[in-house]
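The following note sets out several points for a colleague who is about to examine this entry. It is arranged as numbered paragraphs, to be read beside the coordinates.

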Amino acid sequence: MTQITAPAASSTLKPLSGIKVEVAGQAAAAGCGTSGGAGKSSCGSSAGRDEMPAEIWEKVKNHPCYSEEAHHHYARMHVAVAPACNIQCNYCNRKYDCSNESRPGVVSQKLTPDQAVKKVLAVASEIPQMTVLGIAGPGDALANPAKTFETFRQLHEKAPDIKLCLSTNGLALPDYVDEICKYNIDHVTITINMVDPDVGARIYPWIFYNHKRIHGREAAEILHERQMLGLEMLTARGVLTKVNSVLIPGINDKHLYEVNRAVKARGAFLHNIMPLISEAEHGTVFGLTGQRGPSAQELKEVQDACMGGANLMRHCRQCRADAVGLLGEDRSDEFTIDQVEQMDVVYDLGKRRAYQEKVEAQRQAQVDAKRAALADQQEDDGMKALVAVATKGQGKVNEHFGHASEFQIFEVSAANATFIGHRRVDHYCQGGWGEDDVLPSVITAINDCHAVLVAKIGACPRDELKEAGIEPVDQFAHEFIEMAALSWFKDYRERIAKGEITHTPRGDAEIRQGAYNKAA
Ligand code: CLF
Ligand code: SF4
């Protein structure tokens, strides 16, 4: 892939509702207020409480998608009440979850609003750190307005501490902004893959709008205008917005910079650039025509090129439309409708608050540990390394190498330790023994990393990792991740300075396609 760079000259997008949008010209600069991400670029998903206004912090502090820090501690759940869709994306097969917010994989059960509400209350009573309820398909939330808003209406009354979150392709969005505000739905995601209808025509074969099916460029033009209008309307009403973009190599990879600047100018709080998931067995147009997804390096390159615009989210797990749990895990099997019907549901707000206070204390300890580790670094010489981390939550290195179904990737330097992504893998450990066939795929998934931080690791994978140039590190078991990564980095630099090792660049890594791994 050729280097992605910011366009040299600014171009001007067509103004929609009176707002002039300058791409690359950085038109809007209203500060990081409730209007979203038009302010300082540090105010993104990785920003902490000191880096944004208090009212924004209140909205994002326990939303696992809007705050990277929160995603180590807080869980979300989706209820699959929205089966229909009003557009066709070339990366979607209607038999599968919406690729906008959920990875391909059939939804186990579609729910009525009453079933959905019961399920949410059941999960909330069992998982007190579940703070957000999202409706993200399996079709489009706003193509099923009656079911979507009936679910939100009931939850607004019955579970006032749960944040409500909605995901849409944006076509119907301008029609429902009042309804969104009425139920205090404070977080809305719009999937925007283009701001140029010529690009859009390669992604969307048709839309269904005003009782008509519309094809080609005209369809993409209408979708684009509705998306931009909906985003502007939400910004004007103080709703936090996130834009999801699917990175499709050769179609919109070089265009996403323009998308980033356009949505920033319209007040988007976050921009989540996700890799296309495209496999022939999904039966999508892109899967069947051989359109590939990006590699890890290609994804990072596009994300890095967009920095300085709308703030980036990099911890998305492209979750299912019925996912339950921390991002990266799925506990939906524990909450089937049959199980929920038999559960004794006690929605105890006091218990939930008490639990979340404990989570907050732990989270502050994680921030303090990072601060202390940063203060202990040698002078920053610009060197950076990626480390993979095996974790099952709480912000700690607390998973065995063989049990990890994903590794979290952190970029570490003397100046910072930042989450930059995750890599799904198959479990290396299969019920007590290591699966030799799996190890090469795990190494491929973290091949761009210099070290892997784990709670425990066996002798065999340890040796093979070393041979592949990835250092297995288990001395920080059960420590906070950033502190562990920074401590490893300090030691790494000391060993380089002593001539014990040399720092060599690593290779690219593969983004895994295919089935979701259930939590171990
Ligand atoms: Fe769900 Fe989406 Fe709300 Fe999060 S997911 S509706 S904003 S509560 Fe999150 Fe999942 Fe990525 Fe979506 S990790 S796919 S960004
Ligand atoms: Fe599929 Fe979602 Fe696109 Fe609709 S908006 S076609 S459900 S990916």
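1. Does Thr235 count as buried or exposed? Thr235 counts as buried, because its relative accessibility is 14%, and the cut-off for buried is under 20%. This residue belongs to helix 6, which spans residues 216-236. Thr235 and Ala268 are 33 residues apart along the chain, yet their C-alpha atoms are separated by 7.3 Å.

2. The model under discussion is predicted, and the values in this note should be read accordingly. The protein chain has 520 residues, of which 59% count as buried. Its secondary structure comprises 14 helices and 20 strands. Of the contacts between residues at least 6 apart in sequence, 73% join residues at least 24 apart.

3. Helix 7 deserves attention for its burial. Nine of the ten residues in this helix, which covers residues 256-265, are buried. Among them are the nonpolar residues Leu256, Tyr257, Val259, Ala262, Val263 and Ala265. Asn260, Arg261 and Lys264 are also buried. Just after the helix, Gly267 adopts a positive phi of about 95 degrees.

4. Turning to the interior, the largest nonpolar core contains 62 residues. Val79, Met130, Leu133, Phe152, Leu166 and Ile185 are the residues with the most contacts inside this core. Helix 2 (residues 113-126) supplies the largest share of the core, namely seven residues. Apart from this core lies another, of 33 residues, which includes Met52, Cys65, Ile214 and Leu327. As background, nonpolar side chains tend to be buried together in soluble globular proteins.

5. Which residues does Phe152 touch, leaving aside its neighbours within four places in sequence? Phe152 is in contact with Leu133, Ile135, Leu164, Cys165, Leu166, Tyr183 and Ile185. Of these partners, Leu133, Leu166 and Ile185 are, like Phe152 itself, among the residues with the most contacts inside the largest core.

6. The enclosed spaces may be considered next. The count comes to eight cavities of 30 Å³ or more. The largest cavity has a volume of about 280 Å³. It is lined by 23 residues, and Pro275, Leu299, Gly421, His422 and Ile511 are the closest to its centre. By class, the lining of this cavity has ten nonpolar, seven polar and six charged residues.

7. Where does the largest cavity lie with respect to the two domains? Domain 1 (18-31 + 40-67 + 75-340) and domain 2 (350-497) both give residues to its lining, so the cavity lies between them. Strand 16 gives the most to this lining, with five residues. Strand 11 (270-275), helix 9 (296-306) and strand 16 (417-424) each supply at least two residues.

8. The second largest pocket has a volume of about 540 Å³. Its lining consists of 28 residues, and Leu326, Glu329, Lys392, Gly393 and Gln394 lie nearest the centre. Helix 11 (349-375) and strand 15 (406-412) are the elements that give two or more residues to this lining. Helix 11 contributes the largest share, four residues.

9. The composition of the second largest pocket may be stated in the same manner. Its lining has nine nonpolar, twelve polar and seven charged residues. At least three lining residues come from each of domain 1 and domain 2.

How values were computed. Residues are numbered from 1 along each chain as its sequence is written. Chains are lettered from A and ligands numbered from 1 in the order in which they are written. This is a predicted model: local features need pLDDT of at least 70, side-chain atom pairs count only at pLDDT 80 or more; totals for chains, interfaces and linings use all residues. Side-chain values use heavy atoms; hydrogens and water are left out. Buried means under 20% relative accessible area, exposed over 50%, partly exposed in between (1.4 Å probe, protein chains only). A nonpolar core is a set of buried Ala, Val, Leu, Ile, Met, Phe, Trp, Tyr and Cys residues joined through side-chain atoms within 4.5 Å. Contact means heavy atoms within 4.5 Å. On a 1 Å grid over the protein atoms alone, a cavity is a set of points where a 1.4 Å probe fits but cannot get out, and a pocket is an open set with protein on both sides within 12 Å along at least five of seven lines; lining residues have an atom within 4 Å of a point. Grid points are joined across faces, edges and corners, and a volume is the space filled by probe spheres set on the points. Domain bounds come from an automatic or database domain assignment.
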